[in-house]
Amino acid sequence: MRRIIPFLFVLFNAVSVWAQTNSPIKGKVVDSETQKPLDFVTVHLYKAKVPVFTDEAGKYELRNYSISDSVTFTLLGYKPLTKTIRQLQQNGDIGLERQSYVIQEIVVRPKENPAFKIVRAAARNKHKYLPENQPAVQFETYTLMKGSILEREAKDTKKGFSKRYAPYLDSLTLAEGNGRTASLPIFQSETVKETYFTSDPNRSKEVLVASKVVGVGIEKEAQLAQLLNAQAEHFSLYQNFMRMFDKDFVSPIANQWSNYYDYDLEDSVESESGKVYRLKIIPKRPQDLTFEGYMWIADSSFSLRRIELKMNKDVGLNFVSDLQIVQAWDAKNPSMLPLSSKRKFQISGLPGTDVRLYVETTTTYTDLVLGEPKDSEFYALSHTISDSALKHKESFWQEVRPYEFSQEEVKRVEAIKQINKLPEIQSAVKLIRIVVEGHMPINDKFEWGPVFGAYVFNKVEGHRFQFGGRTTEFFHPNWILNGYAAYGTHDKNFKSLLNVRYVADREQWTEWGVSYLNDVGPATMDLNNTRVNSLFFSAFRWGKLNFPYQQERIQMWAEREWFQAFRQKITLRHTNFVPDFEVAGVGSEDYDSKFSPFRSTDVTLNITYTPDRKMLIRHHEKIAISNSNSPIIGLELSAGISGMLNSDLNYQQVTLSVDQRVRAGILGYGRYYFRAGKTFSKVPLPLLQVPVGNETPFFILHGYNLMPFFAFATDEYLSLRYDHHFEGAFSLTNRLPLLRNTRVRLVAGGAILYGSLSDRNKPSYDAPDEDLNFRGLGKDPYAEVNVGLKNIFQLVRIDVIHRLTYRNLDAPLWGVKMSLSVNP
């Protein structure tokens with residue numbers, strides 16, 4: 001019995017410790033004097049790899065601990081406090097005492113704010129803490145992103161969540177109110193990434209190691225994982241500008257800080273590593289893309305220790321509001337990476353709705369390694385996705401999470417899964433997919449579309465009915481088929497298209513393909529539109545078709561991305577062109593080879609370079625999903641080969657394009673679109689370079705909005721369009737009282753086209769139908785300017801356009817056109 005009793009005692013204590021270790025410790029951290037909850041307090045378990053932080057209500061939760069651990073609570077401006085696990089098990093609530101401030105004597109000189117010296121030093125030293133500037137650096141991030149629909153406070157209870165969603169409701173504490181707000185969870189994602197930088201040469205790489213997404217209506221997790229990966233992009237306050245929501249926010253320690261910010265030195269506090277200054281951040285102009293808030297800067301290193309930012313409400317981003325950022329660095333050692341970064345914001349719905357989406361992103365930085373460079377081949381792909389990124393089991397996530405999920409977070413995931421099963425949710429998802437992608441799923445293997453081409457009416461075809469579609473990854477992961485069959489009631493002809501593609505590699509996009517086309521459409525236009533979901537494209541098929549040609553074409557191509565962002569495509573094509581309008585026959589006095597039937601066999605090489613962009617890899621395409629200030633460069637070389645497959649002509653063409661987003665400081669940003677091309681030979685009309693006119697009510701950037709269709713043709717040209725978006729205090733809409741409180745923004749720009757049509761390519765006579773005449777540009781360029789407003793009703797852009805030259809064209813000198821865009 002004497003041996004059994006000690007054994008039972010030890011066993012009892014072991015069970016007790018096990019139970020205590022697995023029972024979460026919950027508590028609340030407040031200001032001991034005011035009892036106000038303290039947000040983002042560092043709760044550091046002694047043996048933990050990364051700390052836990054309190055939420056907006058000051059609450060925290062500890063799950064993985066041992067009974068012998070201790071916990072330290074730290075917040076700049078407050079005295080650190082250490083508690084043992086046993087003490088916290090008895091009472092987890094913590095009151096932190098404000099620290100005595102030690103502001104030393106400050107000599108105030110005329111016109112010099114004492115805070116400016118500190119900010120100036122921080123701006124001068126910030127390059128030391130930028131990962132991009134290090135010889136070699138790598139680190140890992142874990143990002144947890146949550147999205148919830150908030151219930152707007154309203155007197156009308158009918159606007160609240162219905163009983164149908166009551167079982168899935170959560171609650172949140174928002175900074176805008178003291179109480180809890182009802183919320184409906186709609187998505188949650190976890191992302192693990194490895195990031196690498198080197199400065200010699202300046203290269204970077206991101207590896208998506210793992211991704212897990214649960215969300216309402218999510219059908220293709222791989223695509224959403226890539227989109228969320230782009231949104232979880234690392235940003236640093238040591239940069240001059242931080243790109244968020246396609247806007248360039250100015251850092252409080254940017255080199256140009258004096259143009260945007262004022263500061264107040266409120267106090268200084270002694271920390272474990274020395275004195276830390278607390279500065280209040282005050283925007284000079286509240287409408288600029290700046291922040292208000294507080295930052296703490298260490299005296300010796302002038303590195304950031306903590307920062308609390310809030311976007312001023314006068315900034316007025318479209319859809320986005322209440323943007324807040326909190327970052328905390330290690331209290332002892334200066335570092336280029338914070339321990340944790342939290343970003344939260346709300347997305348409002350369309351006017352008249354009560355829907356608000358609350359998004360919260362928390363990123364934890366770990367495993368910082370310096371001075372271990374990689375070879376140049378390692379950086380060949382700047383953005384990669386691990387083959388197992390979407391295949392990790394729950395055990396993996398339990399290991400990589402900085403802290404174990406709470407019961408509320410586990411419940412949240414289960415609620416999302418149950419909401420997904422509701423019939424109205426599934427129907428809404430299908431409708432949105434049709435509108436966005438232009439294709440409607442028929443079954444797992446086939447999608448019908450594009451929907452915009454299902455029916456059109458024009459003078460050549462009459463009523464045109466079309467049915468087409470494309471296969472999905474469930475049909476075959478590598479083989480892709482798409483096409484259509486169409487019939488016109490006026491010309492009584494059947495039309496068809498079939499593309500057969502084989503995608504061998506999607507990371508470094510590699511594909512081969514062959515296609516057959518038999519259709520009618522405007523000359524110079526590529527009728528293979530099944531890869532384009534464009535309402536503007538379908539508009540060309542309505543009404544009159546300018547210079548319609550029957551085109552029978554067979555082509556084959558090979559496409560390869562030799563290294564990241566550098567892509568080439570070579571195409572061999574044979575086309576038989578037959579005009580579908582009245583032309584003079586051979587031997588007639590009015591005969592003109594420009595309008596005669598002909599056959600062409602040509603080879604085209606397309607080269608595109610799109611640096612510094614994250615790409616979305618889908619089953620059938622790879623497209624950019626992140627913006628960059630680097631230019632997009634395109635080059636196209638074409639050559640016709642006479643005699644090959646009975647081709648009638650030799651010709652050579654070259655086209656160069658450059659698109660770029662340019663930052664304009666306090667004036668906002670702009671985009672320019674440059675094009676140049678030349679045809680070196682005598683060619684028929686369909687092979688000339690025809691500027692894109694626009695007779696639709698939609699405003700376009702890659703064409704000329706007051707130029708009629710086929711008004712001009714060129715065999716050499718140079719064009720430039722610039723589109724400027726005014727932001728901040730220097731936008732006229734932020735200065736006019738009637739527009740100041742709206743989210744409408746001013747846009748302006750213009751387009752100019754220089755070009756000529758050599759004598760060898762000019763028509764030798766005027767066609768009998770005036771609609772079939774075109775001409776070359778004269779000595780004067782074509783020019784138009786536009787000014788407008790965007791974000792009208794949060795979606796609409798309306799431009800007023802004026803044509804400056806060629807005033808005798810059969811088109812108005814002034815026009816008003818609209819476009820739709822989701823622009824923050």
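This is a short dialogue on reading confidence, a sheet and a surface patch in a predicted model.

Trainee: What pLDDT does the chain average, and which residues stay under 50?

Mentor: Where pLDDT is low, the predicted coordinates should not be read in detail. In this predicted model the chain averages a pLDDT of 81, and 82% of the residues score at least 70. Residues 1-21, however, stay under 50, and the model has seven contacts beyond four places in sequence for them; residues 153-158 also stay under 50, with three such contacts.

Trainee: In what order do the four strands of the open sheet come, and is the pairing parallel or antiparallel?

Mentor: Strands of a sheet pair through backbone hydrogen bonds, either parallel or antiparallel. Here the order is β3-β2-β5-β6, in an open sheet with antiparallel pairing. At its edges are β3, residues 52-53, and β6, residues 81-84, each of which pairs on one side only. If you follow β2, residues 42-45, you will find that two bridges join this strand to β3 in the antiparallel sense, and that Thr 42 has Phe 53 of β3 as its bridge partner.

Trainee: Which residues form the nonpolar patch on the surface, and which element gives the most to it?

Mentor: The patch is formed by Val 787, Ile 798, Val 800, Trp 814, Val 816, Met 818 and Leu 820, which together have about 660 Å² of accessible area. Two elements, β40 (796-803) and β41 (814-820), give two or more residues each, and β41 gives the most, with four.

Trainee: Why does Ile 798 count as partly exposed?

Mentor: Ile 798, which lies in strand β40, counts as partly exposed because its relative accessibility is 33%, between the limits of 20% and 50%.

Definitions and conventions. Residues numbered from 1 in each chain as written. Predicted model: local features only at pLDDT ≥ 70, side-chain atom pairs only at ≥ 80, totals over all residues. Heavy atoms only, no water. Pairing = 2+ DSSP bridges. Patch = residues over 30% accessible without salt bridge, like charges linked within 9 Å, V, L, I, M, F, W, Y side chains within 5 Å. Areas by Shrake-Rupley, 256 points an atom, 1.4 Å probe, with all protein chains shown as cover. Salt bridge = Lys/Arg side-chain N within 4 Å of Asp/Glu carboxyl O. Buried < 20%, exposed > 50% of the residue type's maximum accessible area, 1.4 Å probe, protein only. pLDDT = per-residue confidence, 0-100. Contact = heavy atoms within 4.5 Å.
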